[in-house]
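Trainee: I would like to learn how to read buried charges, cores and domains from a set of coordinates. Where should I start?

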Amino acid sequence: MLAHQRSYPRTVTSTALLTDHYELTMVQAALGSGTAHRRSVFELFPRRLPEGRRYGVVAGVGRALDAIEQFRFDDAAIALLDGVVNDQTRDFLASYRFSGDVWGYPEGEAYFPYSPLVIVEGTFAEAVVLETLLLSIYNHDSAIASAASRMTMAAGDRPCIEMGSRRTHEEAAVASARAAYLAGFASTSNLAARQRYGVPSAGTSAHSFTLLHDTEADAFRAQVTSLGSGTTLLVDTYDVREAVQAAVEIAGPGLGAVRLDSGDLGVLAHRVRKQLDDLGATKTRILVTSDLDEYAIAALAAAPVDGFGVGTQLVTGSGHPTCGFVYKLVAREDDGGQMVSVAKKSVDKISIGGRKFAMRRLDAHGVAEAEVVGVGTPPDNDGNDRSLLVELVRDGAVVGREPLAEARSRHAAVRAELPWSVQQMSKGEPVIPTVHVGNVEGPVRG
């Protein structure tokens, strides 16, 4: 019987199978050659930023730490490996527990080309199997957070609401809501994100609710009766002007907000603002949705818009759904027991060998000047620079877990530390250079 036709237990509670087949065949071959237990250092890093981006945002750290804790080959996982790896490898994996150390950039931190975002130290066998899982989490969550950061920066003091669940995989939707919140979004439509991570949720009604009723006024009346006059009424199902008139008549001048989901949002917002003011609803807010991205939000800077609902463009990274992070072996133990640097040298995919240390160099005014990466030893600190790597896992135990609110606050502070050009929405180069110091072998290519 072919492997894909076999019947296996369907309940797998660990994260160990969220990986690639070749991670385990590498372990098998290394066990056979006697190299599986060599001390090794792996590094997760970007060779470049997504095209045109001036900075990136680190996200997914908390989820990655949870995933490392749950990386266990339970009975269901081991059963699946029949025909994938041999008995010796299955026995090794059955007792697998990561016992090494992990250092990394804290969640919400900015990153640049060649930033050493995660450093995993352990044996080859226990560190290599984390590759796919870590890349999956970091590439997705950091892409969402990077897009979200640009959107909240364009929005300024006006809140952004994450509402992209229906535009992505159901589990990616939860992770996206978490990443968006740490990058400054005020709330999410996703209730699983509220349950798992404490992200505030918000929502009122869709066009179907209006269409359900015999008249738009009936729909508004039902919603106000249920949710109160502070609710948000969707006013573009039929005629916007008539809907705004009915909304204020039914909810009164204390109506919380109206939402526009189609048309020329800038023009409509000005018209609706005037109409609301003329009706005495001077404190009623105007919220806009409809395939917004950071560019659309920036274009509405002068419009009387009080908040933005963002969906598709957020959960797809606003054109950059992945960060292009890679996970490479940068140092390993040799036959004599000494640690030696190793690096991939193929054209356009250069990596830099050696254990890394990272620092954000700041000027006298506290503005970031450079990403300084020390190879082999930490770079010199002139007194006000910031070390970037924090301890996440020590001897296999998670020590770097933190509240999501702390990562959210960190990101706001880090973004404010970057040069003013970070606020430009146009394509450009990274706002600060990455500088390598120490024992750097060969050229650094972006």
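Trainee: Which backbone nitrogen lies 2.5 Å from a polar atom of the side chain of E107?

Mentor: That of G60. This is a predicted model, and every distance here is computed from it. The side chain of E107 also reaches the backbone nitrogen of G62, at 3.2 Å.

Trainee: Where does E107 sit in the chain, and why does E107 count as buried?

Mentor: E107 lies in the loop between β3 (101-104) and β4 (110-111). E107 counts as buried because its relative accessibility is 4%, and the cut-off for buried is under 20%.

Trainee: What does E107 touch, not counting residues up to four places away in sequence?

Mentor: The list includes the run V58, A59, G60, V61 and G62. R178, L182, E402, A407 and R410 are on it as well.

Trainee: How should I read a buried arginine? Take R53: which side chain of opposite charge is nearest?

Mentor: Look for a salt bridge, then for other polar partners. The nearest side chain of opposite charge is E294, 4.0 Å away, and R53 is buried yet has no salt bridge. A polar atom of the R53 side chain does lie 3.5 Å from the backbone oxygen of S318.

Trainee: Where is R53, and which residues surround R53?

Mentor: R53 is in the loop between β1 (39-46) and β2 (56-57). Leaving out residues up to four places away in sequence, R53 touches S146, A147, R150, E294, G317, S318, H320, G428, E429 and P430.

Trainee: What about nonpolar residues? How many residues does the largest nonpolar core have?

Mentor: The general idea is that in soluble globular proteins nonpolar side chains tend to be buried together. Here the largest nonpolar core has 119 residues, and F73, V120, Y138 and F308 have the most contacts inside it. Helix α6 (residues 131-155) gives the most to this core, with 14 residues. The core draws at least three residues from each of domain 1 and domain 2.

Trainee: Which residues are in contact with Y138, leaving aside its neighbours within four places in sequence?

Mentor: They are L44, V58, A59, V61, A64, V118, A143, F325 and L392. A second, separate core of six residues includes Y114, V326, I352 and V375.

Trainee: How do I read a buried nonpolar residue in a loop? Where is V305 found?

Mentor: V305 is in the loop between α13 (294-299) and β11 (307-310). With 3% relative accessibility, V305 counts as buried. Check next what lies beside V305 in space: its C-alpha atom is 6.1 Å from that of L287, and these residues are 18 apart along the chain. Outside its neighbours within four places in sequence, V305 is in contact with R158, A269, I286 and V288.

Trainee: Now the whole chain. Which domains does the assignment give?

Mentor: Domain 1 is made of 21-144 + 323-340 + 385-432, and domain 2 is 204-305. Their centres, taken over C-alpha atoms, are separated by 45 Å.

Trainee: How many helices and strands are there, and what does the C-alpha trace span?

Mentor: The protein chain has 15 helices and 19 strands. Along its principal axes the C-alpha trace spans about 85 × 65 × 35 Å. Of the 446 residues, 51% are buried. Among contacts with a separation of 6 or more, 74% are between residues 24 or more positions apart.

Technical notes. Residues numbered from 1 in each chain as written. Predicted model: local features only at pLDDT ≥ 70, side-chain atom pairs only at ≥ 80, totals over all residues. Heavy atoms only, no water. Core = buried A, V, L, I, M, F, W, Y, C linked by side-chain atoms within 4.5 Å. Buried < 20%, exposed > 50% of the residue type's maximum accessible area, 1.4 Å probe, protein only. Helix = DSSP H or I, 4+ residues; strand = E, 2+ residues; numbered from the N terminus. Domains from an automatic or database assignment. Contact = heavy atoms within 4.5 Å. Lys, Arg positive; Asp, Glu negative; His and termini not counted. Polar contact = N/O pair within 3.5 Å; in protein donor to acceptor, adjacent residues only side chain to side chain.
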